[in-house]
Amino acid sequence: MPVWIPLVVPLVTVMITLSGGWLVTTRVTDRWDRVKKTRELDLAAASDFQRLHGEAVSIWKTWNALMSDFPAGFAPPQDAKWTCLLRATAAEGQFESLLAKLTGERVLDQDDIAVLGGLRQAFKSLRRHIRANETIPWTSDRSKEYVAFKSLASAMSALLTRNHPRKQPSAAAVNQAFAEITANRHERTWTAVPSTREP
């Protein structure tokens, strides 16, 4: 037996072990990086939604204040109502953008679609009331629209923060989900869709 064989066997064993370790470590690191990136995107979407929710509440309160009587000596700026309409329209557009993002990143089921479509209608209702120069009727916790808005907002928060399958939806699935979310049928049903699913 040649003299070099006892030297080569341990060297080959070490090389195989190091190569295998490198491959496993690389795959684990790559997977972990993808999980972290997905989580960061989820948290960014949740933060965007929280900001938009706060803006919707602010628009609602400001508009209803503008529709009430002001004490003598205090008057809002002349363009305050127009500014409210611009803010409501901008919030609605930003929410629509968030919907497009979510449909591209997640496989959505019918409960998710109902929540997203319902919340889209809640944002639209702000603009519609302002445009019609009407008070937004979210005056108590018994108001059907207000109860639905709160429930849909909490369901949306749960949707954005829950773990979801990391499967990328197909282009056809994205198109179908977005079409269902933006369908006009939610105009009639949005106050009845609050999700009761456990996150």
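Here is a short walk through this structure, which is a predicted model.

Let's start with helix H2, which covers residues 80–105. How far apart should its ends be? At 1.5 Å a residue, its 26 residues should span 38 Å, and the end C-alpha atoms are indeed 38 Å apart, so the two values agree. Quite a few residues of H2 are buried, among them Ala80, Cys84, Phe95, Leu98 and Thr103.

Phe95 also leads us to the core. The largest nonpolar core has 41 residues, and Phe95, Leu119 and Met156 are the ones with the most contacts inside it. Which elements give two or more residues to this core? They are H1, H2, H3 (110–131), H4 (144–161) and H5 (171–181). Take a look at Leu119: setting aside neighbours within four places in sequence, Leu119 is in contact with Phe49, Phe95, Phe149, Leu152, Ala153 and Met156. So the other two residues named above, Phe95 and Met156, both turn up among the contacts of Leu119.

Now hop over to Trp60, which sits in helix H1 (residues 5–66). Trp60 counts as buried because its relative accessible area is 5%, under the 20% cut-off. Leaving out residues up to four places away in sequence, Trp60 touches Leu126, Ile136, Trp138 and Tyr146. Ile136 is 76 residues from Trp60 in sequence, yet their C-alpha atoms are 6.6 Å apart in space.

Trp138 gives us a link to the last stop, Ser143, in the loop between H3 and H4. Is Ser143 buried or exposed? With a relative accessible area of 11%, Ser143 is buried. Beyond its neighbours within four places in sequence, Ser143 is in contact with Pro137 and Trp138.

How values were computed:
Residues are numbered from 1 along each chain as its sequence is written. This is a predicted model: local features need pLDDT of at least 70, side-chain atom pairs count only at pLDDT 80 or more; totals for chains, interfaces and linings use all residues. Side-chain values use heavy atoms; hydrogens and water are left out. Helices (H or I, at least four residues) and strands (E, at least two) are DSSP runs, numbered from the N terminus. The expected span of a helix is 1.5 Å times one less than its number of residues. Buried means under 20% relative accessible area, exposed over 50%, partly exposed in between (1.4 Å probe, protein chains only). Contact means heavy atoms within 4.5 Å. A nonpolar core is a set of buried Ala, Val, Leu, Ile, Met, Phe, Trp, Tyr and Cys residues joined through side-chain atoms within 4.5 Å.
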